[in-house]
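Let's take a walk through this one, starting with the whole chain and then stopping at a few residues along the way. Have the model open and follow along.

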Amino acid sequence: SLDMLAVLLLIATSVACWYAYKRTVTHGLIEINHVTTFTFGFLFYWIFPIVIGLYGSRLGSKLAVTFSVLFGKRFVTPYIAACLGLYLCFLAGDSVGIWLFRHKTTMAAAKIPKLAFSLVAVAASVLTVYTWFALRAQLLLPYGTRITFNPARGTLSSSILLLGVVALMFTIDRPEIPWRRRLVSPYFLGFIAGAVVLLFLGSRLYIASFFLMFVIYQSSFRRQLRLRTLLTGAFVFVLLLGLLGVWRAHEEITEAAPEILREPILTSLSLVHHLRYGKIAYINSPVYLMSDFANLIPALIAPDKASLLKRPRVYTPLGGTHSFVSFNLNFGVLGTGVFWLLLPIAFRYLKARSSSTLLATMYIMCSAWMAFTFFRDPFSISLVKAIFQYSILIPIGVVALGRLLSSACLPAGNSALQVGEPQVEGP
């Protein structure tokens with residue numbers, strides 16, 4: 001019955017909000033971390049569309065009323081039950097991670113040479129400029145489904161995100177530099193210019209995710225935020241995202257708020273179709289995810305790499321794939337439960353060793369992707385590109401380049417090159 005659905009929704013929402021509050025707020029100060037971003041994405045993309053689907057007819061919005069017609073109690077109930085069970089797996093895994101890594105480990109290591117940051121930033125800048133001039137005709141196409149499947153945007157985004165990785169790693173590696181100086185450094189100016197280009201092209205969520213990365217760094221590793229500061233920043237942040245969406249779609253400015261709410265609803269079209277015409281699997285093999293690793297091949301080398309990916313039959317009229325569909329097709333509910341149990345344990349491991357620039361970068365980047373990309377993009381983008389490539393492989397490459405340069409430029413035995421043994425601090 002609808003009452004039972006309402007109870008399940010209330011329980012799932014309450015559990016998620018309670019746990020996020022418990023792990024985010026301390027003595028009135030707020031730390032944005034992986035629990036915060038994961039819970040936001042879970043509620044925004046997995047729960048909110050169901051609320052609109054069940055009660056949208058009472059809101060009066062044309063989109064909400066149309067969306068609510070697609071829903072049926074028969075398939076919504078097991079979905080909500082699965083959502084609740086999966087979030088409990090995440091909660092359990094995070095609690096286990098806190099217990100396992102309750103002792104913070106200090107990794108004594110030399111700073112990454114500025115030359116390494118400079119070389120990567122210059123290479124990314126050259127690639128960005130080249131991509132713009134080579135593919136500008138495709139990049140300047142009107143925003144819509146035609147450009148959603150155009151490799152030009154992905155190629156340009158890749159080079160600009162590389163600039164973002166450099167800016168973030170420079171920030172983590174040089175915490176003593178004040179923000180006023182940091183923002184006008186060459187590492188930030190290049191990324192800011194690239195971010196403006198991406199916003200001009202309508203790519204809001206990549207830039208939103210990088211903004212979250214710096215918020216996570218500031219609140220988790222420097223100083224926790226006051227509630228007033230967070231609310232003011234969140235309001236301006238959401239307002240700008242809405243205005244960018246309105247500008248991109250050439251709509252009236254009064255549509256800014258509805259534009260934000262359309263994001264999870266439109267992404268959920270693939271979910272509704274999967275629930276109505278497919279079935280919720282208990283266990284599956286990640287054959288599609290394995291195929292998605294072909295997405296690591298640069299688009300400049302293989303412009304038709306999309307043909308190499310093994311695509312499941314998923315209804316995605318606007319390009320976004322609801323992550324429940326991806327998880328169900330690759331792991332099933334039980335397999336996803338194991339994934340969600342292990343995921344926060346990995347986050348806690350990285351955070352306990354965040355004195356290392358490399359591991360802190362991995363933690364911050366992966367945490368930020370949880371808010372949007374993890375829940376609304378296919379695995380070929382979320383897990384493979386955003387998390388594996390940009391948050392793990394590229395930071396490893398930057399650190400490796402730094403060590404190579406240090407070894408080549410400094411005399412053997414220099415103390416600045418010596419990496420100390422990990423030291424365990426008390427809880």
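Of the 427 residues in the chain, 49% are buried, where buried means under 20% relative accessible area, exposed means over 50%, and partly exposed is in between (1.4 Å probe, protein chains only). Before going further, keep in mind that this is a predicted model: local features need pLDDT of at least 70, side-chain atom pairs count only at pLDDT 80 or more, and totals for chains, interfaces and linings use all residues. Residues are numbered from 1 along each chain as its sequence is written, and side-chain values use heavy atoms, with hydrogens and water left out.

The chain has 19 helices and five strands; these are DSSP runs numbered from the N terminus, with helices being H or I of at least four residues and strands E of at least two. Look at contacts (heavy atoms within 4.5 Å) between residues at least 6 apart in sequence, and 78% of them join residues at least 24 apart. As for the outside, the accessible surface is about 20500 Å², with 68% of that belonging to carbon and sulfur atoms; these areas come from the Shrake-Rupley method with a 1.4 Å probe, and for residues only the protein chains shown count as cover.

Now find helix H15, residues 323–330. H15 is mostly covered, with seven of its eight residues buried, among them Ser 323, Val 325 and Asn 330. Phe 324 is in this helix too, and it counts as buried because its relative accessibility is 2%. What does Phe 324 touch, leaving aside neighbours within four places in sequence? The list is Trp 46, Tyr 79, Ala 82, Leu 271, Leu 275 and Ile 280. Tyr 45 sits 279 residues from Phe 324 in sequence, yet the C-alpha to C-alpha distance is 9.4 Å. After H15 comes Gly 332, with a positive phi near 75°.

Next stop: Asp 173, in helix H7 (residues 151–173). Here is an acidic side chain with 4% relative accessible area, so Asp 173 is buried. A polar atom of its side chain lies 2.8 Å from the backbone nitrogen of Ile 112. Not counting residues up to four places away in sequence, Asp 173 touches Ile 112 along with Lys 111, Phe 117 and Thr 357.

Finally, go to His 27, in the loop between strand E1 (25–26) and strand E2 (29–30). His 27 isn't a glycine, but its phi is positive all the same, at about 55°. Is His 27 buried or exposed? With a relative accessible area of 81%, His 27 is exposed.

Methods
A polar contact is a pair of N or O atoms within 3.5 Å; within protein, one must be able to donate a hydrogen and the other to accept it, and residues adjacent in sequence count only if both atoms are side-chain atoms.
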